[in-house]
Protein chains: 2
Amino acid sequence: MTTSPVDVPTTDSPARARILDVAASLFLEQGYEAASLRRIADEVGIQAASIYHHFTSKEDLLEAILRRGMAVMDEAFTAAEATTTGAGESQADRRSRLAAHVRAHLAALYENGPFTAAHVTTFRTAPAVVRDAIVPVRDAYEARWTDLLNDLTAADVPTGPARLMLLGGMNASVEWFDPTRGSLDDLAEVVTRQFWSGLTGHPDPTP
Amino acid sequence: MTTSPVDVPTTDSPARARILDVAASLFLEQGYEAASLRRIADEVGIQAASIYHHFTSKEDLLEAILRRGMAVMDEAFTAAEATTTGAGESQADRRSRLAAHVRAHLAALYENGPFTAAHVTTFRTAPAVVRDAIVPVRDAYEARWTDLLNDLTAADVPTGPARLMLLGGMNASVEWFDPTRGSLDDLAEVVTRQFWSGLTGHPDPTP
DNA sequence: TTTCTTGTCTAACGAACGTTAGGTAGGGTG
DNA sequence: CACCCTACCTAACGTTCGTTAGACAAGAAA
């Protein structure tokens, strides 16, 4: 067990890990094209050419970052499931399960380095080769949310658009939420409250 | 009156307008850095150097597009206000006002060329000079939403995070919503329903 | 001690980039 | 007619890009 909120297997060499870290935060800040290998290398303290000892291309580097971002989200989801095993069928229990997963997704976004946030902001304009490679992983994560929401709501409630709005809204928070200034728990609570009643069509139990 | 849903003053010459159109859709597709002036010029059918007859730099071109995107949103908001003048204080009336503005924002996103969508996706990684120039315009638009939501809800309801989730969720829809396949009205209704009860804390009146 | 591996370096390649200078065709205006 | 302005062009500039080739130092393995 490490001290990090979500356990990501880090078989990377220190150098490789450092490149990943720096690249992810630069991709997040400036976008994939604008962040050049020379700038990344500069910040790591090596030469641009040395990056090629760890990655076969810039696209390969991006793909590794996107995968890592998805891995963080996926493990956060799994961890949230673990904390809510044994939850019952009451509305309050259902709401808690949603809250746990919302909190987990937001934590993945803000508490595990720039990987998840970089994924969210970079995926859209990533080179087609990279995007195509990542799509299945993304779909799998979305499917877990689909199952969760279907499980939480009545059978006749269409959860599709609600899921997209929920994930879209949470991901969009990277553009304005500053985890060093605001509380992640507060944000998670706001998001949960906002979506719980809209999802179920019933008033939120916690005012 | 033109046939376009929102009237944007188009004092542009045809050539300039065409450059703006093409550039906006390429910026939207690939991002600001990845969309080169040569590719833009190619698609317009001119040489890259000819763009400099209409814009002083690539950044200038981006700024024009971002401004146009904001103008489209702003006029959509104004138009929505016009259609709801005389709305009363009943919950149903309030909900209609929210619905009208949601619909207007989404229409701006999808029915007026790529300008608004390009703004949403490009702003974050735009060069600092451009971003700084646009920020005041953006803030003004957000302020209109703040006023609206404050007007729609009880005095003690904090609308800040809800507004950010609402706009963030709507804007994020550009990543998955295809206006040629789905109905904009349906999307607007889903968004409105999703947020209305969360905002007011009361069940949604339309099941 | 020799050998191999790992991680970095310097140097350079060709391609693409934003941008500038200067020229040209054509329509409107004196 | 001469003039000029608009909208484009060709050609080129210096810079930066991703990427490759090849050398070198340090440590582990033999």
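**Close-up views of a predicted protein–DNA model**

**Figure 1. Side chains of chain A at DNA strand D.** In the side chain of Y52(A), an N or O atom lies 2.5 Å from a phosphate oxygen of DNA strand D. This arrangement, like every other one described in these legends, belongs to a predicted model. The side chain of S36(A) also faces the backbone of the strand, with an N or O atom 3.0 Å from a phosphate oxygen of DNA strand D. R38(A) addresses a base instead: an N or O atom of the R38(A) side chain is 2.9 Å from a base nitrogen of DNA strand D.

**Figure 2. The protein surface around DNA strand D.** DNA strand D is surrounded by 17 residues, of which R38(A), Y52(A), K58(A), Q47(B) and S50(B) are the closest. Among the atoms of DNA strand D that come within 4 Å of the protein, 52% belong to sugar and phosphate. Helix α2 (residues 37-44) of chain A provides the largest share of the surface near this strand, namely three residues. By class, the residues of the surface near DNA strand D comprise six nonpolar, seven polar and four charged.

**Figure 3. Side chains of chain A at DNA strand C.** Two side chains of this view are placed at phosphate oxygens. For S50(A), a side-chain N or O atom is 2.8 Å from a phosphate oxygen of DNA strand C. For H53(A), the corresponding distance between a side-chain N or O atom and a phosphate oxygen of DNA strand C is 3.2 Å. R38(A) is placed at a base, with a polar side-chain atom 3.5 Å from a base nitrogen of DNA strand C.

**Figure 4. The protein surface around DNA strand C.** Around DNA strand C there are 17 residues, and those that come nearest are Q47(A), S50(A), H54(A), Y52(B) and K58(B). Of the atoms of DNA strand C that come within 4 Å of the protein, 54% are accounted for by sugar and phosphate. Helix α2 (residues 37-44) of chain B gives the most to the surface near this strand, with three residues. The surface near DNA strand C contains six nonpolar, seven polar and four charged residues.

**Figure 5. The relation between chains A and B.** A turn of 180 degrees, with a shift of 0.0 Å along the axis, lays chain B on chain A with an RMSD of 0.0 Å. The two copies are therefore related as by a two-fold rotation axis. Within chain B, the C-alpha nearest the axis belongs to G169(B), at 2.0 Å from it. The copies meet through the same surface, because 100% of the interface residues of chain B are also interface residues in chain A.

**Figure 6. The crossing of helices α4 and α7 in chain B.** The axes of helix α4 (residues 91-110) of chain B and helix α7 (residues 160-172) of chain B come within 10 Å and cross at roughly 40 degrees. The crossing of α4(B) with α7(B) is right-handed. From α4(B), the residues L98(B), V102(B), H105(B), L106(B) and L109(B) meet L166(B), L167(B), M170(B) and N171(B) of α7(B). By class, this contact of α4(B) with α7(B) has seven nonpolar and two polar residues, and no charged residues.

How values were computed
Residues are numbered from 1 along each chain as its sequence is written. Chains are lettered from A and ligands numbered from 1 in the order in which they are written. This is a predicted model: local features need pLDDT of at least 70, side-chain atom pairs count only at pLDDT 80 or more; totals for chains, interfaces and linings use all residues. Side-chain values use heavy atoms; hydrogens and water are left out. Copies are superposed by least squares on the C-alpha atoms of residues with pLDDT of at least 70 in both. Contact means heavy atoms within 4.5 Å. A residue is near a molecule or strand if one of its heavy atoms lies within 4 Å of it. A polar contact is a pair of N or O atoms within 3.5 Å; within protein, one must be able to donate a hydrogen and the other to accept it, and residues adjacent in sequence count only if both atoms are side-chain atoms. Helices (H or I, at least four residues) and strands (E, at least two) are DSSP runs, numbered from the N terminus. Ala, Val, Leu, Ile, Met, Phe, Trp, Tyr, Cys and Pro count as nonpolar, Asp, Glu, Lys and Arg as charged, and the others, Gly among them, as polar. Axes are lines fitted to C-alpha atoms, for helices over the stretch in contact, and angles run from 0 to 180 degrees between N-to-C directions. A crossing is left-handed if the near helix is turned anticlockwise from the far one by less than a right angle, and right-handed if clockwise.
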